[in-house]
Amino acid sequence: MSAQDRTHARRVRWSSDIPLKDAVRPGDTSVTVLKPEHYEPFIEEKTAQGELAVRAANADYVVIADITSVTPIVTDQGTWATTEIASRVTRILRYNDKMPRKTPGAWPMVHDGAEIVIDGVAVKVGAYPVVRKGQRYLIFTSYDRKRGITHAGPAFLIDAGGTLVTSETSVDGPLASVMNGMKLSDVARLLREK
């Protein structure tokens, strides 16, 4: 097989002047479009309890949510994309008391970035937490008071046994987090103790 026949994934630096459709080249199978600030790696704590504490301290709401839809939206004259997430929050484990008191139920969320398909090529726009329709997640969110929008942050897939399985990002895929393997009951207990 020649080098020209091989398909490949590429990373592209985002520009407000270049539409996403122009990021795709012949032979691409996937393209990731990133803003410069999205290259910074996340530094994880050494223990699951420490990681949970840091993530919770930086979140406005920590929730358990069932994802009912994930919809990518192309924005900024075709140069960027965001994702609208419809979820059913079944439990609020912790919230920032400076934020509005919310209740479980239907919660729309968004995140900056999305996966779209252009000419049959998967284009991942931005660095964002991956969530999938039909799955349950522990999600750390932030709330934009001015716009009344909940932003989805780090999300951990929860299995049928109530265990955190994995967290995934658009850039790195499944992450080997120290929180993987935690029981949801332990997460709830630790958050109550804070």
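Which charged end sits over the ring of W14? That of K35, which lies 4.7 Å from the ring centre; a charge is taken to sit over a ring if NZ of Lys or CZ of Arg is within 6 Å of the ring centre and within 35 degrees of the ring normal. The model is predicted, so to speak of local features takes a pLDDT of at least 70 and side-chain atom pairs count only at pLDDT 80 or more, while totals for chains, interfaces and linings use all residues. Residues are numbered from 1 along each chain as its sequence is written, and side-chain values use heavy atoms, with hydrogens and water left out.

Turning to ring-ring contacts, there are four aromatic pairs in the structure (rings of Phe, Tyr and Trp, the last by its six-membered ring, with centres within 6.5 Å; planes under 30 degrees apart are stacked, over 60 edge-to-face, the rest tilted). One of them joins Y61 and Y143, edge-to-face because the planes stand at 90°, with the centres 6.2 Å apart. This pair bridges strand 3 (residues 61-75) and strand 8 (residues 136-144), its two members being 82 residues apart; strands are DSSP runs of E, at least two residues long, numbered from the N terminus.

Y61 has a relative accessible area of 0% and is buried (under 20%; exposed is over 50%, partly exposed in between, with a 1.4 Å probe and protein chains only). F140 and F156 also make an edge-to-face pair, with centres 6.4 Å apart and planes at 80°. F140 belongs to strand 8 and F156 to strand 9 (residues 149-158), so this contact ties together parts 16 residues apart in sequence. Both F140 and F156 are buried.

Back at Y61, the picture widens: Y61, W107 and Y143 make up one aromatic cluster, and the charged end of K102 sits over the ring of Y61, 5.4 Å from its centre.

How values were computed:
Helix = DSSP H or I, 4+ residues; strand = E, 2+ residues; numbered from the N terminus.
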